[in-house]
Structure formats: structure tokens, C-alpha cells
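Subject: Structure handover

Hello,

Here is the structure for your work on pockets and cavities. My notes follow below it.

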Amino acid sequence: MIFNPFTVARRLRKIGLIGINQRNADYVLRYNKRQFYPRVDDKLLTKKLAIEHGLPVPELFAVVREEHEIKEVHAKLAEREKFVVKPAHGSGGDGIVVIVGRRGDKYRRSNGVLMTADEFNHHLSNSLSGLFSLGGQADSVLIEYCVEFDPVFDHVSFRGVPDVRIIIFQGYPVMAMIRLPTRMSDGKANLHQGAIGVGIDLPSGRTCKGVWGNELVTEHPDTEHSIIGMDIPHWDQLMMIAATASEMSGLGYVGVDIVLDKVHGPMILELNARPGLAIQIANGNGLQHRLEAVEKLKQLAPTAAERVAFAREHFGTV
Ligand SMILES: Nc1ncnc2c1ncn2[C@@H]1O[C@H](COP(=O)(O)OP(=O)(O)O)[C@@H](O)[C@H]1O
Ligand SMILES: [Mg+2]
């Protein structure tokens, strides 16, 4: 096939694919006030706000703020088999350690590797010193409940919890994908760690297209199960949670990450003020037309339920 850059550019424009500069200039800078960033950049604060707003989040087991607290944390976790260690200001899955069991006084990570108490302490110490935080600022560490994912994802997830990312613009869901951990992503669902992104059709809550790195995929590379045509459980509730969480954040353009726990149902993991753009590839569709459709509304609907209903009616993938 002859590669014609003009045809490609025209096609990209037609589907309304937006690039990083446009996202920043037209949406992030315009709709996200600086003063609200801490609400989403600090995972401890996000959790606190979510609880205040009656939104479900994984239970907080412990917080480590100072070096001397590191040694005490083992006793606090003595009764816990599974938990997740997470830098409060981390991003992209960096610094997150998913512990799924123990062997003697060692901890077992989701990739099967054992971690000694010393290695664990060292990791906490690195996190406190800002190794994983934006700009290298000193950080705190959260230790929280390890989500047990809903069995519908058994065949399409490799040792980790898939999460659903929903982009909310001025309170309206505009695009969604589910991210599936792979062997490469070590229990995490971040695309840069090697997870797969699968687009979700907003009206039906059904998965449509997948992307793994630069590759379009229809099957999970580790389990070989199809990732297309899956119905996301509790779909309406997920969109309602995301639309409500965006209100709590004060941000006009925000990505809300939700996980589905087998026992507790949907729970918010985190919010992002600068959600990535690969979601467009995973959906085979650009964000621009949808964002413009919301911008054109004469009046924004006051309730999350109305905004979710609007999205279901207007933002189909096909
Ligand atoms: N409590 C948890 N239980 C199980 N897996 C988790 C938990 N928290 C995070 N993860 C895994 O790690 C990934 C990244 O976590 P997240 O809180 O979104 O931080 P980041 O800002 O680094 O993306 C999630 O997508 C999920 O796969
Ligand atoms: Mg995340």
C-alpha cells in the first residue's frame, strides 16, 4: 500500500484525534484551575475527598510520612496478607508495589517475586525521598486494600487489577477504556507499564478495540482470550461515579480511574488532571468532536444522571 501522508492527516482530522499540545492548550489549561490540582495529584487528599462525598475507595490501611515510621509499618500490616503500597504523588504506576501474599517474613509481589523486609523498607524510604513523585518532591506513602477484581476479567487480566478510565469533560463522560494488566505490567494497569487499553462504547458499556503499545490487538497477549465484546458490569454506576468524582475535583477536564472489586463493587483509584491520549487509539475515535459537542451545549445539565444519559445517547463508538 502506498502511504499517503495527506490521506492520513485528513482521516485523523475527520475522526477528531487531538494531540498533546491541543489537549493542554484547549482543555487542560482552559478548564483545569491550578488551585484544584492537589485534589488529584495527592492520592491521600483524593481519597479523603471521595469519602467526604460518599464515593467508594479502597480502604486505607496505613500512611507512612516519615522515615522513622517505616519500621512500625510491619506491625500495622501483620494481619494483612494482601495490600498495595503507593506513593501519594506517584503517576504512571511508578513506585506501586502490589503485595499478594507472604512467605515467612518476606512479601510476595504480584509478579511472584519475593521482597525481603529490608527491600520493602528501602522501597518505602525511596518513595519518601521523592523517587517516584512529580518533580522529585518529598512524598508520603499510602498502604491500602488490594482490590480483588471481578471474575468477569479472569481471562483477560494477567495477575493484576484492570481499571476503567473515564474522561469527564465539564461533568460529561466523553470517552472510556478499560486497561488490562499483562505479564509485562507487573500487576498494574498503566499503559506505559505494558498494560493493554481497550475502548468502551459509552452507550452499551461494551469493549470494542484494543491497543498494546503501538499495536492494535483483539486478544490478551498472555491469556489469548478475546478482549472485544465484553460487557463491563455496573456500567451506569461507573459512569455516575466518574461524573460525580469530577464535580468533587473541581476540574473541567479529568480522567477518573475506577476498579471493580469482587466484593465491594466499583471503587475510585485515582483522578488525573492530564489524562493520556492513547484512549483515542483504543477507541478508534478522536476526542475532539465529543468535547466540542459538550462545549456547544447552551447549558450544562446540573445532575450527574442527566449528563450520563446525554453521553449514552450521543457518544457511541460506531
Ligand atoms: N488498591 C489497589 N489494588 C489493586 N491494584 C491496584 C491498587 N491500586 C493500584 N493498583 C494497580 O496499579 C495501577 C496504578 O495505580 P494508580 O492508583 O492509578 O496510580 P498511578 O497514578 O501510578 O497510575 C492501577 O491501575 C492498578 O492496576
Ligand atoms: Mg492510574
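Which residues line the second largest cavity? In this predicted model, the lining consists of K43, T46, K47, V57, K86, L142, E144, I268, L269 and E270. Two or more of its residues come from each of α4 (43–52), β6 (141–144) and β13. By class, the lining divides into four nonpolar, one polar and five charged residues. The volume of this second largest cavity is about 50 Å³.

The count of cavities of 30 Å³ or more is two. The largest cavity holds about 340 Å³, and of its 26 lining residues, K86, I96, K188, N190 and L269 are the closest to its centre. Strand β2 gives the largest share of that lining, three residues. The class split there is 11 nonpolar, six polar and nine charged. Domain 1 (15–56 + 149–314) and domain 2 (60–144) each supply at least three residues to the lining of the largest cavity.

The largest pocket has a volume of about 820 Å³. Its lining has 35 residues, with G92, R165, H192, R274 and G276 nearest the centre. Of these lining residues, 14 are nonpolar, 13 polar and eight charged. Each of the two domains contributes at least three residues to the pocket lining.

Now the packing. The largest nonpolar core has 85 residues, among which W235 and L287 touch the most other members. Helix α7 (residues 235–249) gives the most to this core, eight residues. Both domains contribute residues to the core, so it lies between them. Beyond four places in sequence, the contacts of W235 include V164, I166, L202 and R312.

Regards

Terms used
Residues are numbered from 1 along each chain as its sequence is written. Chains are lettered from A and ligands numbered from 1 in the order in which they are written. This is a predicted model: local features need pLDDT of at least 70, side-chain atom pairs count only at pLDDT 80 or more; totals for chains, interfaces and linings use all residues. Side-chain values use heavy atoms; hydrogens and water are left out. A nonpolar core is a set of buried Ala, Val, Leu, Ile, Met, Phe, Trp, Tyr and Cys residues joined through side-chain atoms within 4.5 Å. Buried means under 20% relative accessible area, exposed over 50%, partly exposed in between (1.4 Å probe, protein chains only). Helices (H or I, at least four residues) and strands (E, at least two) are DSSP runs, numbered from the N terminus. Domain bounds come from an automatic or database domain assignment. Contact means heavy atoms within 4.5 Å. On a 1 Å grid over the protein atoms alone, a cavity is a set of points where a 1.4 Å probe fits but cannot get out, and a pocket is an open set with protein on both sides within 12 Å along at least five of seven lines; lining residues have an atom within 4 Å of a point. Grid points are joined across faces, edges and corners, and a volume is the space filled by probe spheres set on the points. Ala, Val, Leu, Ile, Met, Phe, Trp, Tyr, Cys and Pro count as nonpolar, Asp, Glu, Lys and Arg as charged, and the others, Gly among them, as polar.
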